[in-house]
Structures are given as structure tokens and as C-alpha cells.
Amino acid sequence: MHNFIDLFTVNLMNYITERNLQYDLIYSNYWMSGMVGELISKQLKIPHIITFHTMGLTKRTVNYLENESDFRIDNELDLINKSDAIVVPTYQEKENLILNYKTENNIYIVSPGVDLEKFKSKNKFESRKKLRLSQTSKILLSVGRLEPLKGYDVLINALSFLDTNDDFDVQLLIIGGDDKSKKELERLNSLKLKHGLSKRVNFLGVIDHDKLPLYFSAADVFVMPSAHETFGIAALEASACNLPVIAPQVGGLKSVVKHAQTGFLSDSNRCPESLMHYLEILLKNEPLREQFGINSRSHAMNYSWEKSSKDLISVFEDVLSKCLV
């Protein structure tokens with residue numbers, strides 16, 4: 001896609017000029033959009049603010065299978081130095097920028113939100129009935145892209161350590177993946193076959209976002225085994241649906257999950273034994289799951305889109321005021 005950035009920028013500037021559109025600032029999301037935003041901000045002489053979401057150097061650092069290009073990383077560094085402000089979702093991501101990219105360039109923290117009306121728990125029995133899921137199985141759920149960074153290999157390895165039987169049947173549902181993730185899906189399918197988990201691990205592919213609350217309501221525990229998450233919006237959506245969450249102690253997940261209150265933060269993002277330990281605790285303790293679920297919803301209430309919008313507008317106003325000085 002980056003090969004079309006110059007053409008896209010020219011066409012966008014023509015569109016702006018022909019319609020005599022006026023803007024106060026540009027807010028870019030992701031590095032390629034940032035390249036467009038930086039070019040246009042120069043021409044229009046207005047501030048440029050960026051949110052990166054995921055960053056190439058960070059992905060390279062946390063997982064050796066991630067093959068991010070030098071081109072991406074060089075452009076991210078350029079955008080960090082040239083932008084008027086950087087918006088990150090958590091304090092941990094601010095630390096990541098300072099540590100890996102050696103910058104403290106006007107960084108603001110604005111947490112994303114969750115639709116608290118859309119994402120709330122439904123009746124578990126009815127949810128499973130609609131989805132044709134077992135009423136007796138313990139169901140683990142994970143949502144995310146199928147790529148090495150997401151750590152699904154660690155989760156499958158962890159599941160292989162669980163002592164399951166007819167009285168303790170555990171099913172893992174993984175939502176996500178598209179035509180671009182065929183190679184990773186093949187790798188993960190080979191791993192589940194190796195561990196004899198063909199009947200316990202199910203890849204559901206892409207599910208409409210509106211249907212996710214139904215899956216969250218049908219599940220017992222949400223797991224996000226990522227090597228890194230800038231924030232972890234799916235974990236927050238699961239929390240809003242009264243699900244306990246298990247995740248590694250990395251990135252923004254340290255803000256989304258409150259250890260031993262809304263779920264558990266495992267010690268390592270590459271250690272299946274640590275993940276298995278917390279899985280076993282929650283799967284075998286229904287009262288604890290229920291209490292963590294209540295705590296999860298309460299914690300998610302702090303992340304409304306209304307608050308997120310107000311915080312972001314405050315950043316815009318602050319940057320504009322500094323540019324007028």
C-alpha cells in the first residue's frame with residue numbers, strides 16, 4: 001500500500017483545494033496514514049497529530065517471527081520526530097515509545113473506549129443455544145488477528161498441559177483471521193494436531209463485530225496471549241461483558257486487566273506453563289470466575305467512548321493553542 005501514498009496525497013490535496021475545504025489540524029492513525037498526514041500538514045501549514053496503534057520496531061522486538069521492514073521503522077521514526085503530538089492509549093505505551101524509539105515528543109495518553117450498551121452480558125444458556133455450543137463445556141474465547149504476535153501458539157501449548165477429561169471438557173474458540181493469515185492458520189492447525197487438540201481448538205474466522213457480545217456471553221474465560229498489545233480493545237470488550245480475562249503482563253494489557261481482581265496477568269508472554277496455571281485456577285473455580293466477571297464490568301465502566309472523546313478533544317485544543325503562541 002505504501003507505493004500509493006504519493007498518489008493518494010496528490011488526489012487528496014486536489015479534493016481539498018477544489019472544494020476549498022478548511023481544516024484546523026490533521027489526526028492520523030497508523031504509520032502509512034501518518035505519512036499522508038505529514039505531507040498534507042506541511043502543505044496546509046496546520047498541526048499533525050498521530051496515533052500509531054502498533055509499531056514495527058516493537059513487533060520485531062517482542063516476536064522473532066514478525067518481519068517488519070526497515071522502511072516502516074524508518075518512517076515511524078521520521079513521523080515521531082516531525083509530528084506535533086503523539087497520542088497513545090496507555091502509560092505503558094508511552095514508556096514503550098521512550099524506551100524503543102528514544103522520544104518524549106509531546107506524548108498524550110488517551111484511552112480508547114467501549115460501547116457499554118452494546119457490550120454487556122447476556123444469558124449464558126441462551127447465548128450458547130443460539131451459537132449451538134455445548135452447555136456443559138468450559139469455553140475459552142480469544143479474539144484477534146491470526147499472526148505470530150498474537151501468541152496463539154502459546155495458548156494452544158498451554159491448553160495441551162490442562163488435565164481434561166469427560167467431566168472437565170474445555171473448548172477453545174478463536175475468532176479472527178482472513179485470507180492473509182492462511183500461513184499462520186496452517187501453522188496453528190499443525191500445532192493443535194500435534195497435541196491431539198483437534199476437537200478442542202476451533203478457528204471461527206471473521207465474526208461480525210455486532211455478534212461478539214453473544215460469543216463473550218457464551219464464554220467462561222477470555223484469553224489474550226499476545227506478545228504485545230498497544231491497548232487490547234477485545235479484552236476490554238470482554239470485560240464489559242462480565243468475563244474474567246487472562247493475558248500476559250505486556251503493553252496496554254496491564255491497564256485493561258487488574259491482576260487477581262478482573263483476571264490474571266501471566267509472568268511471561270512465551271511461557272505456556274504460566275498461562276496454564278491461571279487457566280486452571282479460573283476454569284475450576286466458578287465463584288471466582290463470577291466475582292472476577294463482576295469486577296471486570298465495573299472496571300470497564302471507566303472506559304466509555306464519551307470520556308475518550310472528551311480527552312481526545314482536549315488534546316486537539318491543547319496542540320492548537322500551542323501552535324497559536
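A residue counts as buried when its relative accessible area is under 20%, as exposed when that area is over 50%, and as partly exposed in between. In this predicted model, Cys 241 has a relative accessibility of 3% and is therefore buried, as the value falls under the 20% cut-off. Cys 323, with a relative accessible area of 41%, is partly exposed. A search of the whole structure for disulfides returned 0.

Strand E9, which spans residues 245-248, was examined together with its neighbours. Two of its residues, Val 245 and Ala 247, point one way from the strand, while Ile 246 and Pro 248 point the other way. All four of these residues are buried. E9 pairs with strand E8, formed by residues 221-223, in the parallel sense, and 2 bridges connect the two. In this pairing, Phe 222 is found opposite Val 245 of E9. E9 also runs parallel to E10, to which 4 bridges join it. Here Pro 248 stands opposite Ser 266, a residue of E10. The path from E8 through helix H10 to E9 constitutes a β-α-β unit of right-handed sense.

Backbone angles were considered next. Most residues other than glycine have a negative phi. Asn 242 has a positive phi, near 65°. This residue is located in the loop that links helix H10 (233-240) to strand E9 (245-248). Because its relative accessibility is 27%, Asn 242 is classed as partly exposed. For Ala 260, phi is likewise positive and near 65°. The loop that holds Ala 260 runs between helix H11 (253-256) and strand E10 (263-266). With a relative accessible area of 42%, Ala 260 is partly exposed.

The interior was also searched for enclosed space. Over the whole structure, 2 cavities of 30 Å³ or more were found. The volume of the largest cavity is about 50 Å³. Its lining consists of Thr 51, Phe 52, His 53, Met 55, Val 87, Val 88, Pro 89, Glu 93, Leu 97 and Thr 230. Two elements, strand E3 (85-88) and helix H5 (91-101), each give two or more residues to this lining. By residue class, the lining of the largest cavity comprises 6 nonpolar, 3 polar and 1 charged residues.

Definitions and conventions:
Residues numbered from 1 in each chain as written. Predicted model: local features only at pLDDT ≥ 70, side-chain atom pairs only at ≥ 80, totals over all residues. Heavy atoms only, no water. Disulfide = S-S within 2.5 Å. Buried < 20%, exposed > 50% of the residue type's maximum accessible area, 1.4 Å probe, protein only. Pairing = 2+ DSSP bridges. Right-handed = clockwise from strand over helix to strand, strands pointing away. 1 Å grid on protein atoms, 1.4 Å probe; cavity = no way out; pocket = protein on both sides within 12 Å on 5 of 7 lines; lining within 4 Å. Points joined across faces, edges and corners; volume = space filled by probe spheres on them. Nonpolar A, V, L, I, M, F, W, Y, C, P; charged D, E, K, R; others polar.
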